[in-house]
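I opened my notebook to record what I looked up in this structure, one entry at a time. I wanted to begin with how far the coordinates can be trusted and then move on to strands and rings.

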Amino acid sequence: MPFPGKLGVGSVPPELKKEGSDWFALFNPRQAMNAKREREKVLDVGLVHTFVHESVVCCVKFSTDGKFLATGCNRSAQIYNTQTGIKTCTLVDEAAPTGKQGDLYIRSVCFSPCGKWLATGAEDKIIRIWDIAKKRIRGIFDGHQQEIYALEFSLDGRLLISGSGDKTARVWPWDVGSALSNSSSSATTSGSGSGAEMINDAAKPIVLTITDNASDKMKDVDVDGDAAYPPKDDSDRQAGEGSGDRMEVDHDSPAMITAKDDADATDAQNSTDAGITSIAVSPDGRYVAAGSLDSVIRLWDLRQPSSSSAERQPPVLIERLKGHKDSVYSVSFTKDGKFFVSASLDKGVRVWDVGHLGIVPAPGSSSSSSSPSRGVGNRLPGKGNERTVALGGKGKEKSRCVTQFVGHRDYVLSVAVSFDGRWVVSGSKDRGVMWWDLGLSSSEDSSSEESSTSSNTTAVTKKDREAVCVLQGHKNSVISIDLSPVGNMLATGSGDWQARIWSYKTA
């Protein structure tokens, strides 16, 4: 079976584990060989800070410079200094209405690229824009019909994208939000007790819906990008995938996930549960990827090619990616824009090749980085800004799944890609965090399979890949993770009421 299988801390030799007072990390013996065929850890992990909260930690997010970490829990968001571990502020909207039990869980947090603002999304369907220095609300985005599960800024800071259980993503023009810092701002003061400012009509969002009219013309892209979906029988399932049971939120345990047996649910029935759980924005700000409860990942193009019309064309849904067998809870682009990763309640993490979109890499990243290309398949050549994306046209280039990471024993709730493109990290309801080497070479894959076979375990296929390391550092589900955009730090948020910062270093 895939690593870690039934391995425990007591059954692993000292050179393949690391222990703390209340945590441990295990390293995959099949991927811990140096050039001399000696066992050697390829990664080092350590605990840096522990932040105790007063409720479940629903979300964690680093600032763009990596100096601060924001967390969201019941009624409040917190910001911590990542170096000292000191809490710099607590943000609470005292005027906000709460549920029957006084609850208002903050489901998503995100720093603006400039670091002056923190956006929070909550169960009350409101996005609040906080002035971090003054610890007060400076603006509100209102429009979603259900709670907000995802917030992401574009890297240039011009857009804020939100995802909600109401089956929509909304693209808010952040230029207007940034203008709140200017005394000449056109925002109007609301009459609420919080003293917040409502953004004016100029900031009305573009609404991305899962029922875009273009979807009627589009062929769904399956796991391999070229076969029929769904699979004909269970034998077509990839290793590590779940049963596909429908999922719903357990309101008695906020941010926890429970399974509801509905094996006979049709695609049409699943579409009624297609709330958006996660959002990722491509490095150039042109594309938005959204994971949803119906197991489909959707890609929108926000900037359409110029046409005879002088007006900007509306966003278009360009692809619907099917492959996961259960709800997709997290998505993330690599910095070079050639791949994105997804995590699902089917216990799997998948890597998708989107090189045909010609996404412009993030500043500081290398578009010719060798790490991803060695491990996840052959890239299609980038085409810069001269690109044409057709809606499901026969024979057209399209995204495809090139790798699946296996090993989690329960729902995978969060995933992120390291700043250097080397590591994919995932957090799960099995309480574990796994590191996956996105740059594993094909020769290493082969040796891994041979080693696996010789040790009387099931060999991992070339499409299925094992983790390099598993970290057990929480006593409940790892609900949210984030990797620092600039350094080797990992943040985890858990149902055990703790957030933690970890260091990691490639050996």
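**Confidence first**

I looked first at the stretch of residues 223–271, where pLDDT stays under 50, although the model has 96 contacts for it beyond four places in sequence. I then found a second such stretch, residues 440–461, with pLDDT below 50 and 29 contacts in the model beyond near neighbours in sequence. I remind myself that this is a predicted model, and that where pLDDT is low the predicted coordinates should not be read in detail. For the chain I noted a mean pLDDT of 76, with 68% of its residues reaching 70 or more.

**A sheet of four strands**

I next followed an open sheet of four strands, which lie in the order β4-β5-β6-β7 with antiparallel pairing. Why is one side of β4 and of β7 left without a neighbour in the sheet? I saw that β4 (59–62) and β7 (87–92) stand at the edges and have a single partner strand each, so one side of each has no neighbour there. I also wrote down that neighbouring strands of this sheet are turned against each other by 15° on average, direction ignored. As a reminder to myself, strands of a sheet pair through backbone hydrogen bonds, either parallel or antiparallel.

**Strand β6 and its two partners**

I traced β5 (residues 68–72) against β6 (residues 76–81) and found antiparallel pairing over five bridges, with T71 standing opposite Q78 of β6. These two strands form a hairpin with three residues between them, in which R75 takes a positive phi near 75°.

I then turned to the pairing of β6 with β7, which is antiparallel and runs over five bridges; here S76 has V92 in β7 as its bridge partner. This hairpin has five residues between the strands, and G85 in the turn has a positive phi of about 80°.

How many residues of β6 are buried? I counted six of the six, so the strand is largely enclosed by the rest of the structure. I recalled that in a regular strand the side chains alternate between the two faces of the sheet. In β6 I found both faces covered, since S76, Q78 and Y80 are buried on one side and A77, I79 and N81 are buried on the other.

**Aromatic rings**

I searched the whole structure for aromatic pairs and found seven. One of them is F51 with Y80, a stacked pair with 3.9 Å from centre to centre and 15° between the planes. This pair links distant parts of the chain, because F51 belongs to strand β3 (residues 43–52) and Y80 to strand β6, 29 residues apart. Buried or exposed, I asked of F51? I found F51 buried, with a relative accessible area of 4%, and Y80 also counts as buried at 4% relative accessibility.

I then examined F340 and W352, a stacked pair with 6.2 Å between centres and 20° between the planes. They too link distant parts of the chain, F340 in strand β25 (residues 339–344) and W352 in strand β26 (residues 349–353), 12 residues apart. F340 counts as buried at 0% relative accessibility, and W352 is buried with a relative accessible area of 0%. With F333, these residues form one aromatic cluster.

My last entry concerns a charge over a ring: the charged end of R422 sits over the ring of W423, 4.6 Å from its centre.

How values were computed:
Residues are numbered from 1 along each chain as its sequence is written. Side-chain values use heavy atoms; hydrogens and water are left out. Two strands pair if DSSP finds at least two bridges between them. Axes are lines fitted to C-alpha atoms, for helices over the stretch in contact, and angles run from 0 to 180 degrees between N-to-C directions. Rings of Phe, Tyr and Trp (its six-membered ring) pair if their centres lie within 6.5 Å; planes under 30 degrees apart count as stacked, over 60 as edge-to-face and the rest as tilted. Buried means under 20% relative accessible area, exposed over 50%, partly exposed in between (1.4 Å probe, protein chains only). A charge sits over a ring if NZ of Lys or CZ of Arg is within 6 Å of the ring centre and within 35 degrees of the ring normal. pLDDT is the predictor's confidence in each residue, from 0 to 100. Contact means heavy atoms within 4.5 Å.
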